[in-house]
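Biologist: I would like to go through this model slowly with you, asking at each step how a label was earned. Could you set each value beside its cut-off as we go?

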Amino acid sequence: MSETQRSSQQHTNHAQHHVPPPNPSPQQVTGDIIGRLRAASGLYRTWVLFLALLFVGGVGGFIWRASGGFADRTAWGYYAAMVMYIFTTFQAAPICAVATRLVKAHWRRPMARAAELCAIVGVFNFFLFLPLLWLIPPLKGRTSLWFDWPLGAPYLFDVLAMGGLALLGLALVWTSALPDFAAARDTLPERRGLYARLSFGWLGTKRRWLVHEWAVIVLGALYLASYVMTSTILSTEFSMSLVPGWRSSVYPAYHTITGLQNGIATTLVILLVLRTVGGYRQYVGLEQFWGLAKLLLALSLLWFYFWWSDFIVHWYGRTPREQNIMLLLMFGPYQIAFFIAWLCSFLIPFICLATNRIRVSVLGPPIVALSPLIGSFFDRIRLYVSAFSIEDPFHHELTQVPPTHLPDGADVLLVVGGVAGAILVYLLATRIVPVLSHWEMQEGILLRAVRPLLRMPALVIGKPR
Amino acid sequence: MRERKVLSDSLINDELLRFPLHTPTWFWFAAGFLGLFILAFISAIGIMVVFGLGVTGLNKPVMWGWMITNFVFWVGISHAGVMISAILRLSQAEWRRPVTRAAEVLTVFSLATAALFPLIHTGRPWRAILWVFPYDFARGIWPSVRSPLIWDPSAIFTYLTGSTLFVYVALLPDLAVARDRTTGWRHAFYSALALGFRGTPRQWKLQTIAGILLSALILPVFVSVHSIVSWDFAVALVPVWHGTVFAPYFVIGAVHSGVSAVATMMAVLRWVFRLENYITPDHFDALGRLLVTVGTAWLYFFFLDVVFALFSQEAEEVIVMQQRLFEWPWNFLTVMLLVTAYVIPVPLWLSRRVRRSITAMFFTSLLVNVGMWTERYWIIVPGLMKKYDFSYSWDQFTPSLIEITLVVGSFAIVFFGLLLFAKIFPIIPIFEQKEGQIFAEEIEVGRARVPAVIRE
Amino acid sequence: MARRTIMGVYTEANGAASAIEGLQKAGFAGHEYEVLTGAPYPEGAFGEPHSKHRLYFFPIIGACCGFAVALLLTSATQIAYPMVQGGKPILSVPPMLVIMYEGTMLGAILFTVLGIIFESRLPASLPAVYDRRISEGYVGVVVTAPEERLGRAIDALKQANPDVIHDERVRSPR
């Protein structure tokens, strides 16, 4: 072979690296997604058992904590941080599905359900959230979002916000999964009863599909709006308004942005599990990890941006009020938590994901995603534990910064049990709701083709309407 | 995408180079008309320099008025280009193709115009350079890095340089087309600018990468520019200015007004240059959808700003808020900015019919910018009016004829710049259109043929 | 050895792709031929070899330069003129960061643009043979090879039905 022939051979080989994979057959997709609802693996059962044990431990921790009563708000700081951590991670994850559906991103298909299914955890978190209501101090004499009125504004609106979000999440998952339930009804005779009830007599008529598409988009948009509002209200209610003199208008937006960041991170980790042990290697691939990695990179930059917007204004203001707030939240008793949050939520994901080799890979993004998940945990601690440690919120300014409140045994049990409970709920939900959206995958097959463009194979994506 | 026209390369060349290569009579009238306003603008500056800042409506507590409002407004508009161009490039949105260049050029001219305002506001523009750049080795006096007024020029300089180069790099292939279709001095001019671009696979590949890489680099700059502009206000302890939300609030407001300005401009381009083959209702539909999201985000930040000013229960914040919400003319301006920037346009954009109507999009997007100009004025002036809460040295602000001339003139400068650019260069990227034709495909779903695109 | 440049001009992209195939079969290496198009086709569409570039180094170098200059400028001006303002330290890091950020980005952007121009091998003169109709959708295949092998190149170009083949002698080896 001459040198030139060899080089042209190399070029052809090189071009072949970019060949997009062919479509799987519709039957294969049904078998892989719906068929997997039939039986659970041994590994799955082991994990369910393990998480259930941890959750029971958490219940024990709760009883231990509750036996001390609700008068001492400081003692409940870690509990509040845990509830808000689940809110920031699991309850934000559906937004990945919502946003990518809104912009009709083709690569979302294998990811959307895994992300939106996290909304189920919202119901669990709603019950975890309820005890926090007993910890809200009276409105008189402190800053608050609410006016003091007979119905008891904070209690009513907080429950409405959190409950509404949980309900919307359920509605979103159920509506989106309707066609999948119908597919399960028609393919799994042994579980026909359950799926017949869940699918509400779904038939894939044209009209039904049109309504379904519209409903999924509208419910998704509502979920997004509701998440932003709930994040705004709860972050103000359970941290900012408990600290006299803390009045940062960017804080609720910062809280929401961290939610979006951790929603993406949560989805990435779930996708890795689906790919490695869930048996979806063929469906969950580079496209999904890369797509989410780009978003995670952008959100990590936004984390810094929103934090910096807050910091620079306080740093310049330099009033005693502002200096004490900076001390409490960043450079004082919770400086280690703040430092870890800063490192893990911004610096590590930024540097890693800015590197092409890590961003454009399957393993890189989900492993990097663990970093903001850890960072956000410490971030919630510095925000909520510090706020809960203020004994007297009825002042105009914070004059004394309280010392660090470290967790005790009950806190450890509570936090670990709570997070384990959230994962457990998700795992249990995957036994009923297909973890890959069957209808979106089937639609994807219809709208995707691999065709030659002159001398190279090219991926063609249909864009209806 | 519903409408997809098959256009030959030579037709695309002809239509998009028609205005640069042939001069209609109306061009001279338009240029002359705008020139009159620019002349008035220059005269106003002359008067201000000769007689001092006393000829403006500025006074003791209100030392920033219309000029700074206009500065913030034009910096906001300048966020159109990179927002549209960078985000749509990064997300490989097909509908970006005819929009990118006009948006980028709008960025360049509005940013340059914006930069004029703080400069003339100094009263002695020629000395401003001495306050900004480190030069004074003799006296040892250096610019203060701690002042946000020093951050501004650094951010604007970076953004202006970046976006100008961005426009130029993306213009290279089109300059080559112009070179190949001209003779004489025009040929020499375009040849020199095209740098010998000839369309090899390597050059095209780098052109594509350049679009993405420069987008990714300019996007963070774009965010920083309006943030820094916002810190001009926010880092000061002036009531209602000292808000942490200012940076993202200003940026999202800039995007709202910038994308709206792009919609307005696209409508004008379509009408004036008869670009029906390139700027279609699909593009307005997509812009409308984007604007619904951006507008709603802006409203969220607007409320954060208002709610948390009241949340603070600080006496001075509450006084200014009270004035904004209940005292004439500020109560009118509050309602006006909300109605024009959100209440009218955004619900209308929820309707597909409105989004696809170019006339409707022209007027609604124009309305947004009326609202956004008002919003900037509403943000800047009231805080200053009651700045000295101890001495009660409070005053009102009324713009003088000079300031009105300057503001009107600034619009003329930007329009003139756009017109001149469109006269010399293709305002719609020719190569992007051709690429769009190559990437257009169809997929058969049952009996239906669905429009499709090739993804690299 | 004298080299000469010829160019086959094709009305359709497919013809040019066939011509490239023919050239490859005739034993021409990737650096000996070049496709000229008026619009960007995805790389590899004509079966041409993928080209390598080092564009990604440019922004990194530029960012480092910009950062260094900005760091020097901001710290030096503050130290050289030590005036306390609003109780802030003389060497205030947060405001320095703002300007250093802009400096870094400016450096990165400037170097990227230089990199794009350099990596695109611009500025350059047009090839010895050129056809203006390339901007109208025609596709050109330029071959620069030693005289004795050009016959094979012309055969390969002809087999793909060109509209015209331009041929021009180049004086110096390219």
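Biologist: What makes the meeting of the side chains of Glu34(C) and Arg198(B) a salt bridge?

Modeller: Bear in mind that this is a predicted model, and that every value here is computed from it. The side chains of Glu34(C) and Arg198(B) come to 3.3 Å, taken from N to O. The cut-off asks for a Lys or Arg side-chain nitrogen within 4 Å of a carboxyl oxygen of Asp or Glu, so the pair earns the name. The count between chain C and chain B is four salt bridges, and there are also 22 residue pairs in polar contact between these chains, with both residues at pLDDT 80 or more.

Biologist: Which elements of chain C give two or more residues to the side that touches chain B?

Modeller: They are strand S2 (33-36), helix H2 (57-80) and helix H3 of chain C. The largest share comes from H3(C), which gives 16 residues. Sorted by character, the residues on this side of chain C divide into 35 nonpolar, 13 polar and ten charged.

Biologist: How many residues take part in the contact of chain C with chain B, and what area is buried there?

Modeller: In this contact, 58 residues of chain C meet 56 residues of chain B. The area buried between the two chains is about 5,300 Å², and carbon and sulfur atoms give 67% of that area. The size of an interface is often given as the accessible area lost when the parts come together.

Biologist: What are the corresponding values for chain C and chain A?

Modeller: Here the contact takes 28 residues from chain C and 17 residues from chain A. The buried area is about 1,800 Å², with carbon and sulfur atoms giving 69%. On the side of chain C, His50(C), Lys88(C) and Pro94(C) supply 28% of the area that chain C buries against chain A, more than any other three residues.

Biologist: Why does the meeting of the side chains of Arg455(A) and Glu21(C) count as a salt bridge?

Modeller: The value for Arg455(A) and Glu21(C) is 2.7 Å from N to O, and the cut-off is 4 Å, so the label holds. The count between chain C and chain A is one salt bridge, and across the interface the rule finds five residue pairs in polar contact. Helix H1 (13-25) and helix H3 (93-119) of chain C each supply at least two residues of the side of chain C that touches chain A. H1(C) gives the most, with six residues, and that side as a whole divides into 15 nonpolar, ten polar and three charged residues.

Biologist: How do you know that Thr112(C) is buried?

Modeller: Thr112(C) has a relative accessible area of 0%, and buried means under 20%, so the word applies. Thr112(C) lies in helix H3 of chain C. Leaving aside neighbours within four places in sequence, its contacts include Leu213(B), Leu214(B) and Leu217(B) as well as Leu55(C), Phe58(C) and Pro59(C). The side chain of Thr112(C) also reaches the backbone oxygen of Ala108(C) at 2.5 Å.

Biologist: What makes the link between the side chains of Gln261(A) and Ser300(A) a polar contact?

Modeller: The two side chains are joined at 3.2 Å, and the cut-off for the pair of N or O atoms is 3.5 Å, so the value falls within it. Gln261(A) is found in helix H11 (residues 251-276) of chain A and counts as buried at 0% relative accessibility. Beyond four places in sequence, the residues that Gln261(A) touches include Leu296(A), Trp303(A) and Pro372(A).

Biologist: Why is Thr143(A) called buried, and where is its place in chain A?

Modeller: Its relative accessible area is 8%, and the cut-off for buried is under 20%, so Thr143(A) qualifies. Thr143(A) sits in the loop between helix H7 (121-129) and helix H8 (153-187) of chain A. Not counting residues up to four places away in sequence, Thr143(A) touches Ser241(A), Phe311(B), Ser312(B) and Gln313(B).

Biologist: Why can chain A be called as compact as a globular protein of its length?

Modeller: Chain A has 18 helices and two strands. Its radius of gyration is 24 Å, close to the 23 Å that the globule rule gives for 465 residues, so the description fits. Of the 465 residues of chain A, 58% count as buried.

Note on methods:
Residues are numbered from 1 along each chain as its sequence is written. Chains are lettered from A and ligands numbered from 1 in the order in which they are written. This is a predicted model: local features need pLDDT of at least 70, side-chain atom pairs count only at pLDDT 80 or more; totals for chains, interfaces and linings use all residues. Side-chain values use heavy atoms; hydrogens and water are left out. Contact means heavy atoms within 4.5 Å. Buried area is the accessible area (1.4 Å probe) that two parts lose on being put together, summed over both. A polar contact is a pair of N or O atoms within 3.5 Å; within protein, one must be able to donate a hydrogen and the other to accept it, and residues adjacent in sequence count only if both atoms are side-chain atoms. Helices (H or I, at least four residues) and strands (E, at least two) are DSSP runs, numbered from the N terminus. Ala, Val, Leu, Ile, Met, Phe, Trp, Tyr, Cys and Pro count as nonpolar, Asp, Glu, Lys and Arg as charged, and the others, Gly among them, as polar. The radius of gyration is taken over C-alpha atoms; the globule rule is 2.2 Å times the number of residues to the power 0.38. Buried means under 20% relative accessible area, exposed over 50%, partly exposed in between (1.4 Å probe, protein chains only).
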